Amino acid sequence: MIKLENVTYTYMEGGPFEKTAVHNIDLTIPDGQFIGLMGHTGSGKSTVIQLMNGLLKPTDGKITVDGSELWAKDTKMRDIRFKVGLVMQYPEYQIFEETVEKEIAYGPSNIGLSEEEIKDRVAKAAELVGISKELLSKSPFELSGGQKRRVAIAGIIAMEPKTLILDEPTAGLDPKGRDEILYKIKDLQKRMNITVIFVSHSMEDIASMADRIIVMNKGRVAMEGTPDEIFVRSDELINMGLDIPEVSKICNELIEKGYPLKKGIYKVSEAVEEIRKLKEKR
C-alpha cells in the first residue's frame, strides 16, 4: 500500500520562482488495483508519482510504502524504488545497452541477483511484455517505437516491483503500438497481481483500463472514485479543462436533445446497449 498524508511539495522553495505543485494531498493506493490518474497539464500528476517513488522529497507531510515511511532515517530509499517501479514518458529515449537482453537485465543486475536469476527474470519480463526470444539478441535501436517502449517497461518489470507507475505510456505511438501497449499493461496487472498507476490524458484509455480514477486539479485531488462515479460528472471534468470520451460526448448530446439515456456512459458497448433498449421501447 502507498499512502500520502497531508503531502505538499514546493519547487524552488524560498527562491524567486517558488511554486507549490501539490497542496495537502491525502491518498491511499491499495494493493492490486488499477488506478487511472488524470488531470490537465500542471495539475500535479507528475509531481505526485515522483513523490510516490521517492524521486522527490515532500516539503511537508508523510508518505509510506508498505508501512515504511519514505525519507525516514531507517528507510532504505533504494529498496523503495525497487518496490515502486516508475516508467517515465518516452522511456525508450533512456535505452543505451547493446542488446535488448542487456537492456532488460540492467535493473536486476543492480540488485545483487545471480546470473541465473537475472536470466530468468529477463526471460519472464520479455515474455510478459510480448518481446520474443529472437529479439533479445538484437540492438534495441533496431526496433519499432512500440517495441522499444515494451523493452523499457520490461526493464522495470524485471525488478519485480509491487507497484508499477506508468506516465503517459502510449504517448507518441501509432494506433497499433498504442493498442499493443494497453493490452500488455492490463495483462501484466492481472498476471502479476500488481498495483498499476496509469497516468494519461486519454479519457478513452483511462475509462477502459481503470478500476478507480483519481482526478487532479490545481495541485489537489478534485475527484476520486470508480469510472461510473467519475464520468457521471462530465460537466465538472470539462470545467477543469479535461476532455471526456467521445462516446460520452455523443450520449450527452442525445440527452440534451431529449433522449432518455442514463448519464455517465463512457463505454461504446454500454452506449450501444442503451440505444438498443431505447429503440425497442419506441
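The following exercises, each with a worked solution, concern a predicted model of a protein.

**Exercise 1. Overall form**

Determine how many helices and strands the protein has, and whether its radius of gyration is close to or far from the value of the globule rule.

Solution.
- Step 1: The secondary structure consists of eleven helices and ten strands.
- Step 2: The globule rule gives 19 Å for 282 residues, and the radius of gyration of the protein is 21 Å, close to that value, so the protein is as compact as a globular protein of that length.
- Step 3: The C-alpha trace spans about 70 × 50 × 35 Å along the principal axes of the protein.

**Exercise 2. Burial, contacts and surface**

State what percentage of the residues is buried, and describe the contacts and the exposed area.

Solution.
- Step 1: A residue counts as buried when its relative accessible area is under 20%; 50% of the 282 residues meet this condition.
- Step 2: Among contacts with a separation of 6 or more, 62% join residues that are 24 or more positions apart.
- Step 3: The protein exposes about 14,400 Å², of which carbon and sulfur atoms supply 49%.
- Step 4: As for charge, there are 40 positive and 45 negative side chains, and the centres of these two sets lie 2 Å apart.

**Exercise 3. Strand β8**

Establish which residues of β8 are buried on each side, and which strands pair with β8.

Solution.
- Step 1: Strand β8 comprises residues 195-199, and five of its five residues are buried.
- Step 2: In a regular strand the side chains alternate between the two faces of the sheet.
- Step 3: In β8, T195, I197 and V199 lie on one side, V196 and F198 lie on the other, and all are buried, so that both faces are covered.
- Step 4: Strand β3 (residues 34-39) pairs with β8 in the parallel sense over four bridges; within this pairing, G36 has F198 as its bridge partner.
- Step 5: Strand β7 (residues 163-167) also runs parallel to β8, with five bridges, and D167 is the bridge partner of V199.

**Exercise 4. The open sheet of four strands**

Give the strand order of the open sheet of four strands and identify its edge strands.

Solution.
- Step 1: The order is β2-β1-β4-β5, and the pairing is antiparallel.
- Step 2: Strands β2 (19-29) and β5 (68-69) each pair on one side only, and they are the edge strands.
- Step 3: At the β5 edge, two bridges join β5 to strand β4 (residues 60-65). T64 has E69 of β5 as its bridge partner.

Conventions
Residues numbered from 1 in each chain as written. Predicted model: local features only at pLDDT ≥ 70, side-chain atom pairs only at ≥ 80, totals over all residues. Heavy atoms only, no water. Rg over C-alpha atoms; globule rule 2.2 N^0.38 Å. Buried < 20%, exposed > 50% of the residue type's maximum accessible area, 1.4 Å probe, protein only. Contact = heavy atoms within 4.5 Å. Areas by Shrake-Rupley, 256 points an atom, 1.4 Å probe, with all protein chains shown as cover. Lys, Arg positive; Asp, Glu negative; His and termini not counted. Charge placed at Lys NZ, Arg CZ, Asp CG, Glu CD. Pairing = 2+ DSSP bridges.
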